[in-house]
Amino acid sequence: MYVQKAVAASDSKCDFQHLISQTIEIMACYGSDCRYRAVSPALTEILQCSAEALVGQTDSALAQMAHQSADLRAYWQAVADALSTVAQQGQVVRQIHAGPTAAGLQYYETIYTPLRDEQDQLCQILSISRAIAPPADPSAALVGVEMPGLETASLSNLPCTRAHSAPYHFDRKMKKYTNNCNNVEATTTYEMTEFMQIVLDSIPQYIFWKNRDCVYLGSNRRWAEMAGLGNPNNVVGITDDDLPWTSEQKDWYATCDRKVMETDTPMLRIKQSQRQANGELSWRETSKFPLHDTQGNVVGLLGTIEDITERKISEDLLKQSAEKFQNLAKQGELLNQISTQIRQSLELESIQQITVDEVRQLFSADRVFIYRFGLDGNGQVAVESVTESCYSILGNTGMNGNFHHQYIEQYQEGQIRAIANLTTADLDAHYRDYLQTLQVQANLTVPILVQDTLWGLLIAHQCSKPRDWEDNEIDLLRTLAGQVGVAIHQ
């Protein structure tokens with residue numbers, strides 16, 4: 001009986017490797033020695049290398065082959081390093097690799113999952129990859145189908161589990177299922193079914209499959225737990241109507257399922273946002289593939305879901321950083337432009353107009369102008385740049401006498417005044433009423449000093465909505481006011 005069990009387990013592992021050799025996914029299976037045991041056709045096509053040439057090899061050895069291109073050797077070495085990390089740490093590893101193609105480098109996100117035997121020893125490593133956009137372009141990485149209207153969907157009654165990082169003990173599980181099997185053929189079949197369920201449970205994605213009538217035929221444990229069903233056995237026979245999705249979600253899922261099965265075409269990377277019970281927004285990415293029988297007929301679909309919340313947050317932060325860097329670069333260009341104008345020209349009106357035009361565009365402000373004081377302390381708007389949605393205040397004299405007495409001394413001392421929200425700001429009633437007549441909701445004012453004497457004010461208005469003025473915007477306006485002061489002095 002021991003020999004029969006050993007043969008059955010061996011056959012199951014061979015069948016698992018056979019499955020990899022037939023799947024449409026980008027997959028590979030490695031032994032504990034990090035040598036290839038099985039590769040999918042999708043992976044061999046990407047690497048332009050046959051399965052026979054890979055099985056039995058290590059990526060470290062492949063990276064040493066002199067006839068390989070530098071990009072391909074770098075790819076082999078990166079995979080070897082990832083496998084070494086999995087073998088040493090015994091944890092799931094997610095890495096991004098760059099693989100050479102005829103059109104240039106293509107990036108792949110790969111998840112390496114360690115599998116352990118009943119003695120808690122690493123026996124295999126499973127890798128699953130998917131093509132992604134280059135990491136240097138965060139906006140391109142968001143390409144896919146966005147699910148409509150789900151950003152505020154409430155799924156508070158759905159328990160959600162994150163992908164486990166611990167290795168999976170599949171041999172230990174298999175022994176539990178097969179100890180009471182006495183028939184060799186039955187044992188092999190039963191083991192294979194249980195083995196495939198164990199493999200699916202060890203994959204850090206949510207996986208489910210349905211028949212042509214959209215009835216669930218199975219799932220891995222992560223999907224069952226996410227759906228609130230606990231055990232994958234509870235999934236068989238239910239439909240989306242039996243699950244606590246919103247009506248909008250059910251309609252969307254049905255639309256996607258019909259499209260996949262009727263057109264025999266996969267839908268890839270469908271992005272879905274879900275609001276959790278704690279108010280946090282999570283993001284998931286779903287792909288759906290048609291399933292075929294031996295005659296090639298579509299008999300159902302397979303769905304995979306991945307939690308991409310951390311990746312989405314990273315992409316958003318990277319995008320924000322890129323936008324902030326671009327704004328800083330534009331600010332530097334503006335300063336250089338005005339400095340050059342000052343050195344090359346003494347046309348004060350031209351310098352002032354360039355200043356207000358560029359600041360308004362850079363700040364996306366509604367109105368930017370220079371208010372110039374006269375010898376008597378009163379003044380008027382000398383130059384302005386304004387959007388079509390706001391009216392011009394060129395020549396406006398402001399508050400004059402009242403303004404002179406309340407604020408001029410503060411600006412003479414170099415004080416900057418930033419108002420984020422006119423309705424909540426602590427302001428003199430007359431000053432508030434004046435700004436309201438100009439439709440102002442947020443205001444940023446910087447004094448223009450010429451040899452320590454107040455000459456005027458550089459002012460930005462936001463009329464469409466309140467606005468929190470950023471420190472770099474305040475610093476830029478202060479610096480530009482100083483440049484204008486230098487031009488006036490010259």
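A polar contact is a pair of N or O atoms within 3.5 Å; within protein, one atom must be able to donate a hydrogen and the other to accept it, and residues adjacent in sequence count only if both atoms are side-chain atoms. One such contact, of 2.7 Å, joins the side chains of Lys 288 and Asp 257. The model is a predicted one, in which local features need pLDDT of at least 70 and side-chain atom pairs count only at pLDDT 80 or more, while totals for chains, interfaces and linings use all residues. Residues are numbered from 1 along each chain as its sequence is written, and side-chain values use heavy atoms, with hydrogens and water left out.

Both partners of the polar contact can be placed in the fold. Helices (H or I, at least four residues) and strands (E, at least two) are DSSP runs, numbered from the N terminus. Lys 288 belongs to strand 11 (residues 281–292), and Asp 257 to helix 9 (residues 247–263). Buried means under 20% relative accessible area, exposed means over 50%, and partly exposed is in between, with a 1.4 Å probe and protein chains only. Lys 288 is buried at a relative accessible area of 4%, and Asp 257 is buried at 0%.

Contacts (heavy atoms within 4.5 Å) describe the surroundings of the two residues. Leaving out residues up to four places away in sequence, Asp 257 touches Lys 210, Cys 214, Asp 240, Lys 288 and Leu 301. With the same exclusion of residues up to four places away, Lys 288 has a list of neighbours that includes Phe 208, Tyr 253, Cys 256, Asp 257, Pro 266, Met 267 and Gly 303. Asp 257 also lies 9.5 Å from Asp 213, C-alpha to C-alpha, with their positions 44 residues apart in sequence.

Phe 208, a neighbour of Lys 288, leads to the aromatic residues. Rings of Phe, Tyr and Trp (its six-membered ring) pair if their centres lie within 6.5 Å; planes under 30 degrees apart count as stacked, over 60 as edge-to-face and the rest as tilted. The structure holds 8 aromatic pairs. In one of the pairs, Phe 208 and Trp 223 are tilted, with 5.5 Å from centre to centre and 45° between the planes. Phe 208 is in strand 8 (residues 206–211) and Trp 223 in helix 8 (residues 221–226), so this pair ties together parts 15 residues apart in sequence. Phe 208 is buried, with a relative accessible area of 4%, and Trp 223 is buried at 2%. Both rings belong to one aromatic cluster formed by Phe 208, Tyr 216, Trp 223, Trp 245 and Tyr 253.

Strand 11 also contributes to the charged pairs. Side chains of opposite charge can pair when their charged atoms come close. A salt bridge is a side-chain nitrogen of Lys or Arg within 4 Å of a carboxyl oxygen of Asp or Glu, and the structure holds 11 of them. Glu 109 forms one with Arg 130, their closest N and O atoms being 3.3 Å apart. Since Glu 109 lies in strand 4 (residues 104–116) and Arg 130 in strand 5 (residues 122–132), the pair ties together parts 21 residues apart in sequence. Arg 130 also forms a salt bridge with Glu 285, where the closest N and O atoms are 3.1 Å apart. Glu 285 lies in strand 11 and Arg 130 in strand 5, so this pair ties together parts 155 residues apart in sequence. Glu 109 is buried at 8%, Arg 130 at 17% and Glu 285 at 6%. These three residues are linked with Arg 94 and Glu 306 in a network of salt bridges.

Another salt bridge is found in helix 14. Asp 475 and Arg 478 form a salt bridge with closest N and O atoms 2.8 Å apart. The two are 3 residues apart in helix 14 (residues 471–489), and are therefore separated by about one helical turn. Asp 475 is partly exposed at 40%, and Arg 478 is partly exposed at 42%.

Helix 11 (residues 348–363) has 16 residues and reaches 22 Å from its first C-alpha to its last, close to the expected 22 Å. The expected span is 1.5 Å times one less than the number of residues. Among the buried residues of helix 11 are Ile 351, Thr 355, Val 359, Arg 360 and Phe 363. Just after the helix, Ser 364 takes a positive phi of about 55°.
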